[in-house]
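The exercises below are meant to be worked through with the sequence and the model side by side. Each begins with a task, and a stepwise solution follows.

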Amino acid sequence: MASRILAFLILLFVTYAGFAMEVSGVKLPDEDQKLILNGAGLRKRAFFQVYVIGLYLPEKKASAADAIAGPGPKRVAMHMLRDVNAADFAGALNDGMKDNHSEAEMKALEPRIKQLLEAMNAMKEAKKGMRITLDWVPAAGTQLTVEGKPSGAPIPGEDFYRALLKIWLGEHPVQDDLKKSLLGEKT
């Protein structure tokens, strides 16, 4: 009897090992590309669940400033919970950047924002179940990946990736409780 219980517990552990968190039915691994899950949460718009997002960093950070400015690779992983037109999705990201940057800062980022928006618009639609990542790769730049395949060329400049992170972690995040969740706070 004890051996059966032990076997069941081992099976249970193996089945769930590697998943740090589950949000709205989406299991997020505790590591992704050798990065550690800092936090995860649910992006809502009105009463719609839009996507589950996980923030992966080289090491856990409790403050937004540290998460944004910290050195090394980073990943934002989004798991779509509903279909969203790519233009609307890209527009929402652009709006999130505008909320956290001055007009002059946005002007300086404009060519790179355009590059990201073009790559996002190429996917036509962010479909339910789709995995979209935004990676900061220090030697290359910001890489948009859709379902594991790069979309567009890497976008240069760490300042651009930091600007993207401010969508969720800035002074005016798209959703306050989501910011707290990405920083590992219980909400």
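**Exercise 1. Find which strands pair as S6 and S9, and in which sense, parallel or antiparallel.**

Solution. Strand S6 covers residues 74-80 and strand S9 covers residues 131-137, and the two pair in the antiparallel sense over six bridges. Within this pairing, valine 76 has leucine 134 of S9 as its bridge partner. Here strands are DSSP runs of E with at least two residues, helices are runs of H or I with at least four residues, both numbered from the N terminus, and two strands pair if DSSP finds at least two bridges between them.

Before going on, note that this is a predicted model, in which local features need pLDDT of at least 70 and side-chain atom pairs count only at pLDDT 80 or more, while totals for chains, interfaces and linings use all residues. Residues are numbered from 1 along each chain as its sequence is written, and side-chain values use heavy atoms, with hydrogens and water left out.

**Exercise 2. Place this pair in its sheet, and state which strands are the edge strands.**

Solution. Begin with the strand order, which is S3-S4-S5-S6-S9-S10-S11 in an open sheet of seven strands with antiparallel pairing. The edge strands are then S3 (31-32) and S11 (149-150), each of which pairs on one side only. Next, look for the helix that packs on the sheet: helix H5, residues 158-169, touches strand S5 (48-57), S6, S9 and strand S10 (141-146), where contact means heavy atoms within 4.5 Å. The direction of H5 makes about 45 degrees with that of S6, the axes being lines fitted to C-alpha atoms, for helices over the stretch in contact, with angles from 0 to 180 degrees between N-to-C directions.

**Exercise 3. Trace the network of salt bridges that joins Lys74, Glu158 and Arg162.**

Solution. Take as a salt bridge a side-chain nitrogen of Lys or Arg within 4 Å of a carboxyl oxygen of Asp or Glu; a search of the whole structure finds eight of them.

- Lysine 74 forms a salt bridge with glutamate 158, their closest N and O atoms being 3.9 Å apart. This pair links distant parts of the chain, since lysine 74 lies in strand S6 and glutamate 158 in helix H5, 84 residues apart.
- Glutamate 158 also meets arginine 162 in a salt bridge, at 3.3 Å from N to O. Both of these residues lie in helix H5, four residues apart, about one turn of the helix.
- Through shared partners, the salt bridges join Lys74, Glu158 and Arg162 into one network.

**Exercise 4. Decide whether lysine 74 is buried or exposed, and examine its network partners in the same way.**

Solution. Apply the cut-offs of under 20% relative accessible area for buried, over 50% for exposed, and partly exposed in between, with a 1.4 Å probe and protein chains only. Lysine 74 has a relative accessible area of 2%, so this residue is buried. Glutamate 158, at 26%, is partly exposed, and arginine 162, at 28%, is partly exposed as well.

**Exercise 5. Examine the salt bridge between glutamate 59 and lysine 61.**

Solution. The side chains of glutamate 59 and lysine 61 meet at 2.9 Å, N to O. Glutamate 59 has 47% relative accessibility and therefore counts as partly exposed, and lysine 61, at 22%, is also partly exposed.
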